[in-house]
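Biologist: Could we go through this structure together, beginning with how the strands are arranged?
Modeller: Certainly; here is the model.

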Amino acid sequence: MALRMTGTEGTAASRRKRSARRNNTAPTIADVAREAQCSPMTVSRVINGEENVRDHTRETVLAAVKKLNYVPNRAARSLAGGSQLRIALLFDNPSASYLSEFLMGALEEASRRDIYLVVQSQEAVAHSSELVRGLIEGGISGFILPPPLCDDQRVLDLIEEAGATAVAVGPGKARGSYGSVLIDEYQAAYDMTRHIIGLGHERIGFIIGNPEQVSSGRRFNGYCAAVEDAGLELLDDLIVQGRFTYRSGMAGAEKLLALKSRPTAIFASNDDMAAATVAVCHRNHLDVPNDITVCGFDDTAMASTIWPELTTIRQPIREMTAQAVVLISQAHNKSSRSLRGKSEEILFPYELIRRNSDAGPSLASSFNPKGEKP
């Protein structure tokens with residue numbers, strides 16, 4: 001015998017069923033619109049990276065997308081005549097900690113915008129033309145280039161010849177006709193050096209980064225200018241060459257600590273080399289920072305996972321990479337295959353993060369690792 005519910009009982013049951021269906025389905029663009037208190041069309045414009053949306057509205061919509069964990073319906077977009085954007089992230093960087101931050105920023109933004117992201121190592125310049133052409137033939141419309149590729153004119157020329165979009169992230173300077181996302185590395189290095197001088201240090205060792213990267217020169221020039229502006233002598237024996245790798249940082253630190261009159265502080269051009277410097281100091285029975293100050297650059301995960309944690313320059317790598325995805329997405333949505341001619345440059349703020357690896361010079365600093373007076 002079938003039972004039929006009537007009146008308020010039936011209505012309540014229907015509401016419960018509708019609620020259950022909603023709870024078992026993914027959020028829709030209409031749900032995001034209700035949460036953000038705007039129209040579905042506005043949500044669509046934000047998701048697609050269109051520019052004709054107010055900043056406040058964009059932030060509200062993106063907050064709603066994050067809160068509801070909304071993922072665009074790829075099939076629906078295809079039926080609507082759209083196509084999924086495909087971006088390649090090329091890398092040739094020895095720093096795993098830097099690349100980790102770089103990759104997370106790209107993945108998060110690409111996922112949010114329903115962009116297909118290809119991560120590709122580009123180690124052999126001799127094969128770069130085949131690599132770029134192969135990616136474009138496979139449907140890649142844009143390229144994100146971290147250091148050192150963002151400073152490699154050969155790679156940039158290949159992408160330009162193919163008519164694709166490219167954004168350089170963290171180049172030593174703006175890349176002319178290409179989109180660039182960067183910080184003022186010269187000023188950041190200048191500020192860190194003045195900070196160290198302000199602690200009372202006069203003998204400050206410096207480990208230069210990869211000589212093939214423009215950013216290395218920018219950071220080195222910032223160090224030199226700060227030393228000279230403070231009225232200190234710029235000494236060649238306090239400057240050693242590195243390559244942004246942990247191993248090169250160890251080699252550089254060993255040279256500096258072997259000096260008869262060693263530095264009381266060492267500023268390494270990135271966190272990997274700074275972490276290696278701390279390890280060399282420990283091996284030589286030097287306490288950081290009581291015996292010697294060590295500072296880095298970038299504020300990657302490495303900076304806060306070693307002991308002591310590094311004082312460093314925070315470069316917002318993840319946010320910068322996410323912005324690169326946005327720039328390529330906007331160019332794509334305008335039916336533009338390139339940012340050439342636009343020359344968009346976005347300068348991000350940096351921050352000096354002080355942790356536990358710096359202090360004023362101590363009496364112990366006048367002794368070399370063997371305990372001999374200079």
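Modeller: Let us begin with one sheet. Four strands form this open sheet, with parallel pairing, and their order is E7-E6-E8-E9. Please keep in mind that the model is predicted.

Biologist: Which strands stand at the edges there, and why is one side of each left without a neighbour?
Modeller: The edges are strand E7 (239-241) and strand E9 (293-295). Each has a single partner strand, so one side of each has no neighbour in the sheet.

Biologist: By how many degrees are neighbouring strands of this sheet turned against each other?
Modeller: The average is 15°, with direction ignored.

Biologist: How many bridges are there between E6 and E8?
Modeller: There are four bridges between strand E6 (residues 204-208) and strand E8 (residues 265-268), and the two strands pair in the parallel sense. In this pairing, Gly205 stands opposite Ile266 in E8.

Biologist: And which strands does helix H9 lie across?
Modeller: Helix H9 (residues 185-198) lies across E6, E8 and E9, and it runs at about 170° to E8. Helix H12 (residues 271-283) also packs on the sheet, where it touches E6, E8 and E9. The direction of H12 makes about 160° with that of E9.

Biologist: Let us move to the other open sheet. What is the order of its six strands?
Modeller: The order is E2-E1-E3-E4-E5-E11, and the pairing is parallel. Strand E2 (116-121) and strand E11 (345-347) are the edge strands, each pairing on one side only. Neighbouring strands of this sheet are turned against each other by 20° on average, direction ignored.

Biologist: Which helix packs on this sheet?
Modeller: Helix H13 (residues 317-333) does so. It touches strand E1 (86-91), E3, E4, strand E5 (179-182) and E11. Its direction makes about 160° with that of E4.

Biologist: I would like to look at E3. How many bridges join it to E4?
Modeller: Four bridges join strand E3 (residues 142-145) to strand E4 (residues 165-169), and the two run parallel. Phe143 stands opposite Ala166 in E4, and Leu145 stands opposite Ala168 in E4.

Biologist: What about E1, over how many bridges does it pair with E3?
Modeller: E1 and E3 pair over three bridges, in the parallel sense. Here Ile87 stands opposite Gly142 in E3.

Biologist: Are the residues that point out from E3 buried or exposed?
Modeller: Gly142, Phe143, Ile144 and Leu145 are all buried. Gly142 and Ile144 point one way from the strand, whereas Phe143 and Leu145 point the other way.

Biologist: Which helix makes a β-α-β unit with E3 and E4?
Modeller: That is helix H8 (residues 153-162), and the unit is right-handed.

Biologist: Changing topic: how many cavities of 30 Å³ or more are found?
Modeller: A search of the whole structure finds three. The largest cavity has a volume of about 130 Å³. It is lined by 14 residues, and those closest to its centre are Tyr98, Gln213, Arg219, Phe244 and Asp298.

Biologist: How does one find such empty space?
Modeller: A probe the size of a water molecule is rolled over the atoms, and this shows where empty space is left.

Biologist: Finally, the chain as a whole. How many helices and strands has it?
Modeller: The chain has 13 helices and twelve strands. It contains 374 residues, of which 48% count as buried.

Biologist: And what of contacts between residues at least 6 apart in sequence?
Modeller: Among those contacts in the chain, 75% join residues at least 24 apart.

Methods
Residues numbered from 1 in each chain as written. Predicted model: local features only at pLDDT ≥ 70, side-chain atom pairs only at ≥ 80, totals over all residues. Heavy atoms only, no water. Pairing = 2+ DSSP bridges. Axes fitted to C-alpha atoms, helices over the stretch in contact; angles between N-to-C directions. Contact = heavy atoms within 4.5 Å. Buried < 20%, exposed > 50% of the residue type's maximum accessible area, 1.4 Å probe, protein only. Right-handed = clockwise from strand over helix to strand, strands pointing away. 1 Å grid on protein atoms, 1.4 Å probe; cavity = no way out; pocket = protein on both sides within 12 Å on 5 of 7 lines; lining within 4 Å. Points joined across faces, edges and corners; volume = space filled by probe spheres on them.
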